[in-house]
Amino acid sequence: MARRQVDTMSLGVGIATGLYGISFGALSVSAGLDIWQTQLLSLLMFSGGSQFAFIGVVASGGLASLPAAIASAWMLGVRNGFYALQMKPLLEPLGFKTPVAAQLTIDESTGVATAQANSAETKRGFWLTGAAVFVFWNSLTFAGALLGSALADPSVYGLDAAAAAAFLALLWPRLKQRQPLIVAAAAAFIAVVLTPVLPSGVPILLAAVTALVIGGLNLFKSTTQAGDR
Amino acid sequence: MTLTIAILLASAAVYSWKFFGYLVPEQFLEKPLVSKVAALLTVALLSALMATQALTKGSEIQLDARVPSLLVAAVLLRFKAPFLVVVLAAAGVAALLRVFGF
């Protein structure tokens, strides 16, 4: 992928994710947080899934549910740790930039970075996407919080569908072999089927177990193994 | 506990995962099995997020305009459409279908 394509992709991901920040800001205010608390979540937590989980629990349970809100945000954030694990060797040397890289280690930055063909583009993709998402996510969180509940339902604008398509687009380049294809299918199935019966965030974590089982036991191995990612 | 303190605690908890991943020793990552499982974990999590985003609402499974919208996105990806085109097309298809009451 050419350098310009990396830039375009990073910016595209930043804008698409940022647009979803409008609905986060609006939903957060309607959940009972004020504008500054909403902004604090986007600045400091900076992980969409965890943020939506936090305000979702607060919206349904109020102040009594704060421990549960913290726990669900934390559980949903565990995948960022795995992304960090994967990004570390790809970004080195990091040095003093490590705390910043850590904060920018999210679905989108890891997704764009690991879709690149070489080291320079991987690094460029990570930093550009992380920065673009941070800027757009935070500024549009603020805009959404100001707009209040007027835009509270993202489905009216198709933004919920856009978010699903964004995840699919990040997933697409990784599905060239049989093993990741089977992992993706199993994970999607498990996450959806378990959603009605388990607390928010847990089905996604359990879906990740498919990677541990299929990868760990090396099931469904493809015949072509060279340079797989 | 006030709401603001809860926000700070939850943010620190989420950040701890992100930072921890960068502290794990090098040797741990050089094992092919670890890097392979880590790559598959990304696939599993992205796929689970996509599926819950497309097929659930709150704690319920719900099939609506998001499904055809995601299929359109898949077709566009199959023909190597740029990321932004895919995302905007998905939003447009869902919004349009909802206008017609789907």
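R174(A) touches P180(A) and V43(B), leaving aside residues up to four places away in sequence; touching, or being in contact, means that the C-beta atoms of two residues, placed from the backbone, lie within 7 Å. This is a predicted model, where local features need pLDDT of at least 70, side-chain atom pairs count only at pLDDT 80 or more, and totals for chains, interfaces and linings use all residues. Residues are numbered from 1 along each chain as its sequence is written, while chains are lettered from A and ligands numbered from 1 in the order in which they are written.

Let's stay with that arginine for a moment. R174(A) sits in the loop between helix 9 and helix 10 (178–194) of chain A. Helices here are DSSP runs of H or I with at least four residues, strands are runs of E with at least two, and both are numbered from the N terminus. Is R174(A) buried or exposed? R174(A) counts as buried because it has 22 C-beta neighbours inside 10 Å. The cut-offs go like this: 20 or more other C-beta atoms within 10 Å of a residue's own makes it buried, 12 or fewer makes it exposed, and in between it is partly exposed, with C-beta atoms placed from the backbone. Ten residues along in sequence from R174(A) is A184(A), and their C-alpha atoms are 9.6 Å apart.

**The two chains**

Now zoom out. Here is how the chains are built.

| Chain | Elements | Order | Buried residues |
|---|---|---|---|
| A | eleven helices, zero strands | α-α-α-α-α-α-α-α-α-α-α | 56% of 229 residues |
| B | five helices, two strands | α-α-α-β-β-α-α | 43% of 102 residues |

What about contacts between residues at least 6 apart in sequence? In chain A, 71% of them join residues at least 24 apart. In chain B, 33% of them do.

**Where the chains meet**

How many residues does each chain bring to the contact? Chain A supplies 82 residues and chain B supplies 61 residues. On the side of chain A that touches chain B, helix 9 (residues 159–171) gives the most, with 13 residues. That side of chain A splits into 54 nonpolar, 22 polar and six charged residues. For these classes, Ala, Val, Leu, Ile, Met, Phe, Trp, Tyr, Cys and Pro are nonpolar, Asp, Glu, Lys and Arg are charged, and the others, Gly among them, are polar.

So which helices pair up here? A quick bit of background: two packed helices are described by the angle between their axes and the distance between the axes. The axes of helix 9 of chain A and helix 3 of chain B come within 8 Å and cross at roughly 160°. Axes are lines fitted to C-alpha atoms, for helices over the stretch in contact, and angles run from 0 to 180 degrees between N-to-C directions. That makes helix 9 of chain A roughly antiparallel to helix 3 of chain B. Angles under 35 degrees count as roughly parallel, over 145 as roughly antiparallel, 65 to 115 as roughly perpendicular and the rest as oblique. Helix 9 of chain A passes helix 3 of chain B in a left-handed crossing, where left-handed means that the near helix is turned anticlockwise from the far one by less than a right angle, and right-handed means clockwise.

Residues of helix 9 of chain A in this meeting include D160(A), F167(A) and L171(A), and those of helix 3 of chain B include V43(B), M50(B) and A54(B). By class, the contact has eleven nonpolar, two polar and one charged residues.

**Helix 3 of chain B up close**

Helix 3 of chain B (residues 32–55) has 24 residues, which should span 34 Å at 1.5 Å a residue, and its end C-alpha atoms are indeed 34 Å apart. The expected span is 1.5 Å times one less than the number of residues. Of those 24 residues, 19 are buried, so helix 3 of chain B is mostly covered.

A51(B) is found in this helix. A51(B) is buried, with 27 other C-beta atoms within 10 Å. Leaving aside residues up to four places away in sequence, A51(B) touches A188(A), A191(A) and V192(A). V67(B) is 16 residues from A51(B) along the chain, and their C-alpha atoms are separated by 9.8 Å.

**Another pair, inside chain B**

Helix 4 (residues 66–78) and helix 5 (residues 83–99) of chain B pack at about 150°, with their axes 8 Å apart. That makes helix 4 of chain B roughly antiparallel to helix 5 of chain B. Helix 4 of chain B passes helix 5 of chain B in a right-handed crossing. By class, this contact has 13 nonpolar, one polar and one charged residues.
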